[in-house]
Amino acid sequence: MLQLCAAVLTAASAHRCWGDWRLCRADGHHPRRGSGLVREFVAQNNTSQIKHVIQILSQEFALSQHPHSRKGGLIGLAACSIALGKDSGLYLKELIEPVLTCFNDADSRLRYYACEALYNIVKVARGSVLPHFNVLFDGLSKLAADPDPNVKSGSELLDRLLKDIVTESNQFDLVGFIPLLRERIYSNNQYARQFIISWILVLESVPDINLLDYLPEILDGLFQILGDNSKEIRKMCEVALGEFLKEIKKNPSSVKFAEMANILVIHCQAADDLIQLTAMCWMREFIQLAGRVMLPYSSGILTAVLPCLSYDDRKKNIKEVANVCNQSLMKLVIPEDDEMDEAKQSVTLLAETNSEEPISKPEAAPSGSLDASGDSNVSNASVCTVTSSERIQVTLNLDGIVQVLDCHLHDTSIGMMTRIAVLKWLYHLYIKTPRKMFRHTDSLFPILLRTLSDESDEVILKDLEVLAEIASSPAGQTEGCGPSEAAEPRSGQVELHVPIRSSQLSSSGPKGLECSPSTPTMNSYFYKFMINLLKRFSSERKLLETRGAFIIRQLCLLLNAENIFHSMADILLREEDLKFASTMVHTLNTILLTSSELFQLRNQLKDLRTPESRNLFCCLYRSWCHNPVTTVSLCFLTQNYKHAYDLIQKFGDLEVTVDFLTEVDKLVQLIECPIFTYLRLQLLDVKNNPYLIKALYGLLMLLPQSSAFQLLSHRLQCVPNPELMQSADGSRAPAGSRRPASSSIDYTELLQHFDKVQSKHLEVRHQRAGRTEQSERRVVL
């Protein structure tokens, strides 16, 4: 038998033409002597002899320790395959295995001969080799990275032949091939990657092979390859991903969106711009095509998308696509998400959606780039295709979303646009799912308050919108616990009453000073918000100085202005830091007198016609007493001129400081503003407004010879018939000295309250001065 094999090898060697790989010629003429013997065995159907020949060629020659014997064995196996012809398929396992073993030979010439031999075996067997495709592919993937150019060239020729066979056959076992492809796709060798991508493109182009079903298995690897240093490989991978995305758009109903969601989340955070842009483009299409199927992965998507919103122009494309993703995802949250019973909800998606934690595949590689401005619209047909899946309930992972948003707010390094987007999300969630969101309010409240110190006005505006929604949402109403309980007011003091309905107006309170009715939308968080906002101003005076007026004015637009002033006045009434209380009252008074947003509230206070307006005046007055000049200005606003005069008379007993005179100066400037036009016009009616004129003269007497003194002096010189002022001392007071609408207000009690508060201020100032003097003495000693 060895002589027979030797004859085969001799014949094959004598007639081979390996240079152009034509051992197996198209005309069927093969070496006669050796191959003829094998043909005779075939004609005799002597399978045992054929196997015996192949075994000897394999064991004694192809797997020999001697390189020349291995070379002869490879030639002999190829010759046997040619001689077997169509019957070679019966012996492919025996023919292929020794040849593949030689792929690992240290001698590059032998690896080249192995390529030649396998090429001839495959060319003869054609479709019969498909059951052995995995081992062939495995061998070829190794040769694709071979350092020898001749071996690499030979493997490419064999690769093309195998691709032709796969393309023309309908017997390809895709299921069996996917595990090998999934393994090989993570190769770091450039040539191996190129080989893998070329095969993916070929399989994708075959109509009978549905590679889309197995895309979740290889998508992560594709994004890894997209980060290759070779531009050619990146381009090939980009084309492959583009073809897959086109197929997804055509057949969204058969796509396993859920299985690929976390893969995209990982690569949307890649450091490579191309990977990130491509993954973000895929995410955009997934959200628009799959709809609510993507909801369970919202927290991961937001983790990837939100930071991209603050990118500069160098990453403009990524930023634009990320913004579309963010907006599309936000639209998926609907009011029904707040009504669903979480315990009964079933998570049934197009594919497995059991976990939202990102998969831990090898580190994400750079991703291929799709046009960032690409078609983000979905055809009607596509939308209709997925609509059926949207009818199936999916769970909104609100806890995960809130956690991500909270983390981004705490991260001081994130950009302004990201912070704005986070606040927009919170506002949207409070609008769409208020009941569930209020479970997180206590944990979110501190960071929302801290965000008021942000450098950006836009961020503060959005933050105020969220806080206003929290303070006004009906879902935030606490049963059996009003806001006054949350603030723990002391007994006997004015409490802010915040009823659920406007019909539940409180008419009780000490000395008729009950709080004004709140709007129907106020809830138990409103008072808590006011308390914490004032605490914030107290602990961060710079915030009060730079943004205090801006914040309060915006809140007056978002919430009920009367409630804001009423509640703040009530809280300041109990403030122990008297200096802060005075500063805060001055700030509130300036806003009240100058802000266009408070025009309606000023009109309400100006007339004091209703019990509610009188109650508001009394509440404000008690807190305004922390600052004497603001108290006078409040009396001017409410046309309580006699009381203003009485207060000014008491100024002689107060400690007149530079700050005090400065505030009087500012009040004079305010009197000249349009807000007090009605007051200036009332100066024409000297007979009915004697106390107004006397109050103004009182201010004039307080001022030193300054520009404000000259301004007020010139104004008073314009008052007609000044001698009529003395009629106020007559036995009968003029009509202007009494206000029927205000007859229910106990001005004597208010005046006493003013004295009490100012006494406290004087005591605190003296204590502070004493401590300062003591400290200075210690320094001298």
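**Helix packing, buried residues and the largest pocket of a predicted model**

At a relative accessibility of 0%, Leu-608 counts as buried. This residue is placed in the loop between helix H29 (599-607) and helix H30 (611-624). Although Leu-608 is not a glycine, its phi is positive, at about 50°. The model described here is a predicted one, and the values below are computed from it.

A second loop residue shows a comparable backbone feature. Gln-639 is located in the loop between helix H31 (628-637) and helix H32 (641-650). The phi of Gln-639 is near 65°, a positive value in a residue other than glycine. With a relative accessibility of 17%, Gln-639 counts as buried, because the cut-off for burial is under 20% relative accessible area.

Helix H29, which precedes the loop of Leu-608, contains Leu-601. Leu-601 counts as buried, with a relative accessibility of 5%. Residues up to four places away in sequence being left out, Leu-601 touches Ala-561, Glu-562, Phe-565, Leu-592 and Leu-616. Of these partners, Leu-616 falls within the range of helix H30 (611-624), and Leu-592 falls within that of helix H28 (578-594). In sequence, Leu-601 and Asn-560 are 41 residues apart, while in space they are 9.8 Å apart from C-alpha to C-alpha.

For the chain as a whole, the secondary structure comprises 37 helices and 0 strands. The chain has 781 residues, of which 53% count as buried. Among contacts between residues at least 6 apart in sequence, 77% join residues that are at least 24 apart.

Several helices in the earlier part of the numbering illustrate how buried residues are covered. In helix H5 (residues 92-101), the buried residues are Leu-92, Leu-95, Ile-96, Pro-98, Val-99 and Leu-100. The elements that cover them include helix H3 (47-62), helix H4 (67-84), helix H6 (108-125) and helix H7. Helix H7 (133-143) also takes part in the surroundings of helix H9, whose buried residues pack against H7, helix H10 (190-205) and helix H11 (215-225). The residues buried in H9 (residues 174-184) are Leu-174, Phe-177, Ile-178, Leu-180, Leu-181 and Arg-184.

Leu-203, in helix H10, provides a view of this region from the side of H10. Leu-203 is buried, with a relative accessible area of 0%. Apart from residues up to four places away in sequence, Leu-203 touches Val-166, Phe-172, Phe-177, Ile-209 and Leu-211. Phe-177 is itself one of the buried residues of H9. Leu-174, also buried in H9, is 29 residues from Leu-203 in sequence and 9.1 Å from it in space, C-alpha to C-alpha.

A charged residue is buried in helix H8 (residues 149-168), where Asp-159 is found. The relative accessible area of Asp-159 is 8%, so this residue is buried. Beyond its neighbours within four places in sequence, Asp-159 is in contact with Leu-140, Phe-195, Ser-198 and Trp-199. Leu-140 lies within the range of H7 (133-143), and Phe-195, Ser-198 and Trp-199 lie within that of H10 (190-205).

Two packed helices are described by the angle between their axes and the distance between the axes. Helix H16 (residues 316-331) packs with helix H20 (residues 416-432) at an angle of about 10°, and their axes are 11 Å apart. H16 is therefore roughly parallel to H20. On the side of H16, the contact is made by Asn-326, Leu-329 and Met-330, and on the side of H20 by Ala-421, Lys-424, Trp-425 and His-428. In terms of residue class, the contact of H16 with H20 divides into 4 nonpolar, 2 polar and 1 charged.

The largest pocket holds about 590 Å³ of space. Its lining consists of 22 residues, and those nearest the centre of the pocket are Ser-582, Asn-627, Asp-659, Glu-663 and Arg-765. At least two lining residues are supplied by each of helix H28 (578-594), helix H31 (628-637), helix H33 (658-671) and helix H37 (747-780). The lining of the largest pocket is made up of 6 nonpolar, 9 polar and 7 charged residues.

How values were computed. Residues are numbered from 1 along each chain as its sequence is written. This is a predicted model: local features need pLDDT of at least 70, side-chain atom pairs count only at pLDDT 80 or more; totals for chains, interfaces and linings use all residues. Side-chain values use heavy atoms; hydrogens and water are left out. Axes are lines fitted to C-alpha atoms, for helices over the stretch in contact, and angles run from 0 to 180 degrees between N-to-C directions. Helices (H or I, at least four residues) and strands (E, at least two) are DSSP runs, numbered from the N terminus. Angles under 35 degrees count as roughly parallel, over 145 as roughly antiparallel, 65 to 115 as roughly perpendicular and the rest as oblique. Contact means heavy atoms within 4.5 Å. Ala, Val, Leu, Ile, Met, Phe, Trp, Tyr, Cys and Pro count as nonpolar, Asp, Glu, Lys and Arg as charged, and the others, Gly among them, as polar. Buried means under 20% relative accessible area, exposed over 50%, partly exposed in between (1.4 Å probe, protein chains only). On a 1 Å grid over the protein atoms alone, a cavity is a set of points where a 1.4 Å probe fits but cannot get out, and a pocket is an open set with protein on both sides within 12 Å along at least five of seven lines; lining residues have an atom within 4 Å of a point. Grid points are joined across faces, edges and corners, and a volume is the space filled by probe spheres set on the points.
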